[in-house]
Amino acid sequence: MHSPRHETGPPDLTTAEGFGTFYEDHIDAVLGFVTRRVADPHLAADLTADIFLAAMGSAGTYRGHRGAPVAWLFGIARNVLAGHARGKARESGALARLSGRRLLDDEDVAALEERIDAQRAFRDLAERHAALSEPLRAVLDLVVVDELTPAEAAQALGITQATVRVRLHRARRALRASGPVSESRLEVAR
């Protein structure tokens, strides 16, 4: 899995070059986040575009001392996905507004479908463990699935690291009690 560069300063999203670099550094992480949660490749592409548009609009809120840009992006991604789930996701030509946008061709759709298929196990696990409360699932997803550190997950969720660790412990305990789960995936978050 490609890991984006950790930038020390705020992302420069005010220029085409700055946005292009930021986009290239983080597109794989954001697409992975989205495709683990959305099965339709066109919707995944639209939501990913919306996430980067929201990041452009919120660039002034990024604080480098609070964590990595990917954690900030995942916080934005959670909000965009939640808005979509509530039926409030706007149907704007998000891709059309991105500079240098290209239409999804058959090859792009096939690549997104492959990515979605590869992430199906993550979605199946999430469905199997839907009994977990949303706060426990959110922490578990960010740390185990999206591979954020507990500090980065705390930043993305706007909670303390201690709260993240407590929720991880409770989620692991609940998952172990609910049936067989790959111990190696759960141990990654320790």
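Begin by selecting D141, which is partly exposed in this predicted model, because its relative accessible area is 23%, and that value falls between the 20% limit for buried and the 50% limit for exposed. Keep D141 in view and add R37, since these two residues form a salt bridge whose closest N and O atoms are 4.0 Å apart. D141 sits in helix α7 while R37 sits in the loop between α1 and α2, so this pair ties together parts that are 104 residues apart in sequence. R37, like its partner, counts as partly exposed, with a relative accessibility of 29%.

Next, select D146 and R36, another salt bridge, in which the closest N and O atoms are 2.4 Å apart. This pair also links distant parts of the chain, for D146 belongs to the loop between α7 and α8 and R36 to the loop between α1 and α2, 110 residues apart. Are D146 and R36 buried or exposed? D146 is buried, with a relative accessible area of 5%, and R36 is buried as well, at 7%.

Now move to E134 and R78, whose side chains meet in a salt bridge with an N to O distance of 3.4 Å. E134 lies in helix α7 and R78 in helix α3, so parts of the chain that are 56 residues apart in sequence are tied together here. E134 counts as partly exposed at 41% relative accessibility, and R78 is partly exposed at 27%. If you then select R36, R37, D141 and D146 together, you will see one network, joined by salt bridges that share partners. A search of the whole structure finds 4 salt bridges.

From here, turn to the largest nonpolar core, which has 42 residues, and highlight V34, I51 and L73, the residues with the most contacts inside it. Several helices give two or more residues to this core, among them α1 (16-35), α2 (41-57) and α3 (69-85), and α3 gives the most, with 9 residues. While you are looking at helix α3, select V80, which has its place there and counts as buried because its relative accessibility is 17%. V80 and I51 are 29 residues apart in sequence, yet their C-alpha atoms are 6.4 Å apart in space.

Finally, go to the surface and select D40, D46, E113 and E114, which form a negative patch. E114 is found in helix α5 (residues 106-118) and counts as exposed, because its relative accessibility is 58%. To end the tour, colour the whole chain by secondary structure, which comes to 10 helices and 0 strands.

Notes: Residues are numbered from 1 along each chain as its sequence is written. This is a predicted model: local features need pLDDT of at least 70, side-chain atom pairs count only at pLDDT 80 or more; totals for chains, interfaces and linings use all residues. Side-chain values use heavy atoms; hydrogens and water are left out. Patches are made of residues with over 30% relative accessible area and no salt bridge: like charges are joined within 9 Å, nonpolar side chains (Val, Leu, Ile, Met, Phe, Trp, Tyr) within 5 Å. Accessible areas come from the Shrake-Rupley method with a 1.4 Å probe; for residues, only the protein chains shown count as cover. Lys and Arg count as positive and Asp and Glu as negative; His and the chain ends are not counted. The place of a charge is taken as NZ of Lys, CZ of Arg, CG of Asp or CD of Glu. Helices (H or I, at least four residues) and strands (E, at least two) are DSSP runs, numbered from the N terminus. Buried means under 20% relative accessible area, exposed over 50%, partly exposed in between (1.4 Å probe, protein chains only). A nonpolar core is a set of buried Ala, Val, Leu, Ile, Met, Phe, Trp, Tyr and Cys residues joined through side-chain atoms within 4.5 Å.
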